[in-house]
Amino acid sequence: MKVDFINSSYRRYYAAHKDQILKALDKCFSKGDFVLREDVDKFEKNLADFCGAKYAVGVNSGTDALKISYKALGIKPGDEVIVPSHTFLAPIEEIVHLGAKPILIDVGEDALMNVDLLEGLITEKTVGIVPVHLSGKVCDMPRIMAIAKKHNLWVVEDACQALGAYLGKKQAGTFAATGCFSFISPKTLGGAGDAGGIITNDRKVYEKLLLLRNHWNITQNALLGHQPKAPKIMDWGYNSRLDNIQAAILNIKIKYYPAMLRRRRAIGMKYEKGLKDLPIELPTQQPQQIFQEYIIKVPDIWKFKKFMQSKNVELLIRDTTPNHKLPGLGLEQFDLPVTERIAKELVRLPIYPELTDAEVDYVIACVREFFAPAKKAKK
Ligand SMILES: Cc1ncc(COP(=O)(O)O)c(C=O)c1O
């Protein structure tokens, strides 16, 4: 048996929904609907409804969702923003691109921002906090929001890995000024390439996001029926529109999204049950998380990867050097013991809704063979 990390997901999803996808593409081409047309409008409504937010804005990536959120909230050169190092680099990168300074915070054993350390990092230059809801788990938002309120800071949620995860009655992305999502293909709601979105409950922020994603230009936003008040003064915006074709494709997938999340959860539970007695550390879980990834901690990741490769199981290992230790980024001064330790131990097992039970069982059997070699995996 062969189990790849993600590509079968794309192929199988396409095979199952080909007619709808081709019909949607045909509609875009036939009508000439490519830039800020009705599918974008529809997707923004779908995204806002799904999250229980008032407004959503489609943008071209999760990275731009972060950048545009920072801009809308008024980030300036020299400002300090607190963000974990243990994350995909984008939320840090965009702080730097805007001339501000990322202040890196360590994570706890659950790989989420260690909120106990937060107040100690706030200075007179701090303007914002960026919690990252990594691997489908939500940071301690009630505490983060309380600290932000006390110190008059904005908060942008990086929920790129957590669309549909809840903490209590609220969804990831709905606690702060904005919630940012990525719809790049490997994400739980993945499009055909790059795509992103922002949600907010604040009308003024929403209007700024609309302007920022489209060169501070209201004309094309007006095509969608969103007519932000004509700005009295101009500002510098970006080209960060969500392509209409992407939106059309995402509008199909979002219908199946709750079922896809349930299937991911079932696979996560299967891994949990099948691996729990082995000498590896399984991911900590939150009851209402989503399963964007299933990351285990193993002592010798490269030996393990090689063994799994010999069994035709593809794993993903990345970030073995924590972001703040990457040469050339100028972040080496941060000392983040948990981040530095766990970066070397993390391995991602395949988890996508299209995996069959037999494939998941095979992955489990192979992992068991490596760690408990007495029982051999069936081919
Ligand atoms: C936590 C996190 N933040 C930001 C991003 C950036 O999203 P994108 O790749 O769509 O720019 C990603 C995803 O790749 C991510 O996982």
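Which atom of the ligand does a polar side-chain atom of glutamine 161 approach, and at what distance? The partner is an oxygen atom of the ligand, and the separation is 2.9 Å. Before we go further, please keep in mind that this is a predicted model, with each value computed from its atoms.

Let's stay with the ligand for a moment. Glutamine 161 is joined by two other side chains that make polar contacts. In aspartate 158, an N or O atom of the side chain lies 2.6 Å from a nitrogen atom of the ligand. Serine 182 also offers a side-chain N or O atom, this one 2.6 Å from an oxygen atom of the ligand. The ligand taken alone exposes 380 Å², and 94% of that is buried by the protein.

Now widen the view to the whole shell. There are 15 residues around the ligand, and those that come nearest are Gly62, Thr63, Asp158, Gln161 and Ser182. So you will find the three contact makers again here, as Asp158, Gln161 and Ser182. By class, the shell holds seven nonpolar, six polar and two charged residues. Two helices each supply at least two of the shell residues: H3, spanning 62-72, and H4, spanning 90-97. Of these, H3 provides the largest share, with three residues.

Where does the ligand sit? Its place is the largest pocket, which holds about 580 Å³ of space. A total of 38 residues line this pocket, and nearest its centre are Ile184, Pro186, Lys187, Gln292 and Arg318. The elements giving two or more residues to this lining are helix H1 (7-31), H3, H4 and strand E11 (346-349). Once again H3 has the largest share, with three residues of the pocket lining. If you are thinking about chemical character, the lining divides into 20 nonpolar, nine polar and nine charged residues.

The pocket is one part of the story, and enclosed space is another. Rolling a probe the size of a water molecule over the atoms shows where empty space is left. Here the count comes to three cavities of 30 Å³ or more. The largest cavity has a volume of about 380 Å³. It is lined by 31 residues, and the closest to its centre are His86, Ala111, Ser135, Ile295 and Leu346.

Which elements build the wall of this largest cavity by supplying at least two residues each? They are strand E10 (294-297), helix H11 (337-342) and E11. E10 gives the most, with three residues. Strand E11 is worth a second look on your screen, since this strand gives two or more residues to the lining of the largest pocket and also supplies at least two to the lining of the largest cavity. The classes in the cavity lining come to 12 nonpolar, 10 polar and nine charged residues.

Technical notes:
Residues numbered from 1 in each chain as written. Predicted model: local features only at pLDDT ≥ 70, side-chain atom pairs only at ≥ 80, totals over all residues. Heavy atoms only, no water. Near = heavy atom within 4 Å. Polar contact = N/O pair within 3.5 Å; in protein donor to acceptor, adjacent residues only side chain to side chain. Areas by Shrake-Rupley, 256 points an atom, 1.4 Å probe, with all protein chains shown as cover. 1 Å grid on protein atoms, 1.4 Å probe; cavity = no way out; pocket = protein on both sides within 12 Å on 5 of 7 lines; lining within 4 Å. Sits in = over half its atoms within 2 Å of the grid points. Helix = DSSP H or I, 4+ residues; strand = E, 2+ residues; numbered from the N terminus. Nonpolar A, V, L, I, M, F, W, Y, C, P; charged D, E, K, R; others polar. Points joined across faces, edges and corners; volume = space filled by probe spheres on them.
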